[in-house]
Amino acid sequence: MVLRIHFTGDDLARTRVAPDCDAMWEVMLSLYRLRRREGAIVFGQWKKDALARVPAATRMLTTLVPTQGYAVDFLTPRTEPGSIAAGAEALRRTPRERLRVDLVELAWRHPGRRLPGWLGGLAAGSPRTLDAVAGAAETYFEACLSPYWSRIRAQVARERAHRARVLGEGGWEAVFATLHPSARWSFPTLELSYPADHDIHLNGRGLVLQPSFFCRRTPITLRDPELPPVLVYPIEHDPAWAHGDPPGRRPALTGLLGPTRAQVLETIAHGDCTTGELARRLDIPGSTASRQATTLREAGLVASHRLGQAVIHTVTDLGAALLDGRRPGLIA
């Protein structure tokens with residue numbers, strides 16, 4: 001079974017990689033990871049921690065996101081910031097017809113599954129019920145994703161930086177060809193393995209490529225091809241992402257480099273990034289990010305190279321060894 005995305009020349013000009021994580025997609029996809037056994041190496045520690053604090057309201061979300069198969073489209077509205085606040089607010093504004101269509105589809109796709117009575121109110125467009133669903137998404141995010149969000153964003157940022165390099169060196173053909181092992185690109189069609197045969201005709205709308213931390217195995221998209229086109233695809237993970245202290249919490253490193261410089265080094269190590277991305281991740285002025293990256297580069301801890309108008313920073317072997325607390329060249 002195949003997902004086919006049909007492009008025009010205009011679509012290629014309007015295709016882009018999303019600027020950051022999308023919190024609503026990560027909420028939805030993490031619910032799959034939370035209830036399935038696979039992926040223990042990458043998600044096992046997070047799952048163990050998250051299961052201990054899943055809010056009771058999450059039952060509303062798992063009703064809309066079964067353990068397999070169709071999940072409602074309206075739970076992942078497209079917002080440019082991709083934040084949980086923006087996503088929840090967009091969810092609260094979901095039109096009644098969208099709710100009804102998706103919930104009918106949910107019932108049809110999962111025959112025999114007992115559905116709670118509150119879905120009737122949601123299908124009728126009840127603002128109170130819709131607000132409760134949005135609130136459940138916010139509460140779940142705060143309890144189960146927020147403690148890890150900076151690390152999740154860093155992993156996705158590393159993928160974005162990689163895609164930028166691939167695009168700069170080989171164009172969209174190289175991006176599509178390396179997006180997923182199943183990807184087959186022959187203009188005007190991108191084909192990928194998918195749970196069902198599905199076609200999306202972009203018709204000049206372009207495509208948003210959304211790298212996702214909790215997406216696994218195959219890319220995913222919305223069922224309704226008339227919705228704003230998005231292709232959510234899995235990234236490569238650092239298996240140790242859920243372990244250890246967050247950036248800037250290592251006393252020895254902080255004492256050696258200073259708190260800001262230590263944070264800069266650890267942030268770059270979590271994923272190659274531009275100076276602007278580095279400033280945004282750490283909430284520091286761009287001039288400070290540039291100055292600290294320059295100091296680390298002069299010390300041999302960071303390498304920098306230009307890609308178009310941007311400068312990409314990457315941690316060196318020496319920088320990685322310092323972070324790991326070992327001598328360069330030794331295998332930990």
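1. Helices H11 and H13 are roughly perpendicular to each other, since in this predicted model their axes cross at roughly 80° and come within 10 Å. H11 covers residues 259-269, and H13 covers residues 286-298. On the H11 side the contact is made by Thr260, Arg261, Val264 and Leu265, which meet Thr288, Gln292, Ala293, Thr295 and Leu296 of H13. Sorted by class, the residues of this contact are 4 nonpolar, 4 polar and 1 charged.

2. Leu265, which is found in H11, deserves a separate comment. This residue is buried, with a relative accessible area of 0%, and, not counting residues up to four places away in sequence, Leu265 touches Leu257, Leu296, Leu301, Val302, Val315, Gly319, Leu322 and Leu323. As a reference to another part of the chain, the C-alpha atom of Leu265 is separated by 33 Å from that of Glu38, and the two residues are 227 residues apart along the chain.

3. A second helix pair can be described in similar terms. Helix H2 (residues 23-35) packs against helix H3 (residues 40-51) at an angle of about 95°, and the two axes are 10 Å apart; that angle makes H2 roughly perpendicular to H3. The residues that meet are Ser30, Arg33 and Leu34 from H2, and Phe43, Trp46, Lys47, Ala50 and Leu51 from H3, and they divide into 5 nonpolar, 1 polar and 2 charged.

4. On the nonpolar cores, the largest has 78 residues, and those with the most contacts inside it are Trp46, Leu64, Leu209 and Trp241. Helix H8 (residues 127-145) supplies the largest share of this core, with 10 residues. Apart from this core lies another one of 16 residues, among them Leu257, Ile268, Val302 and Leu323. As general background, nonpolar side chains tend to be buried together in soluble globular proteins.

5. The surroundings of Trp241 can be listed in full once its neighbours within four places in sequence are left aside: Trp241 is then in contact with Val42, Phe43, Trp46, Tyr148, Arg151, Ile152, Gln155, Phe213 and Phe214. Of these, Phe43 and Trp46 also take part in the contact of H3 with H2.

6. Turning to the strands, an open sheet is formed by 3 strands in the order S2-S6-S7, and the pairing is parallel. Strand S2 (16-17) and strand S7 (230-234) are the edge strands, each pairing on one side only. Strand S6 (residues 208-212) pairs with S7 in the parallel sense over 5 bridges, and Gln210 stands opposite Val232 in S7. Helix H9 (residues 149-177) packs on the sheet, where it touches S2, S6 and S7, and the direction of H9 makes about 140° with that of S6.

7. A further strand pairing involves strand S1 (residues 2-6) and S5, which pair in the parallel sense over 4 bridges; the bridge partner of Ile5 in S5 is Ile200. Strand S5 (residues 198-201) has two faces that should be kept apart in any description: His198 and Ile200 form the covered face, whereas Asp199 and His201 form the uncovered one. Ile200 therefore belongs to the covered face of S5 and is also the bridge partner of Ile5.

Conventions: Residues numbered from 1 in each chain as written. Predicted model: local features only at pLDDT ≥ 70, side-chain atom pairs only at ≥ 80, totals over all residues. Heavy atoms only, no water. Axes fitted to C-alpha atoms, helices over the stretch in contact; angles between N-to-C directions. Parallel < 35°, antiparallel > 145°, perpendicular 65-115°, else oblique. Contact = heavy atoms within 4.5 Å. Nonpolar A, V, L, I, M, F, W, Y, C, P; charged D, E, K, R; others polar. Core = buried A, V, L, I, M, F, W, Y, C linked by side-chain atoms within 4.5 Å. Buried < 20%, exposed > 50% of the residue type's maximum accessible area, 1.4 Å probe, protein only. Pairing = 2+ DSSP bridges.
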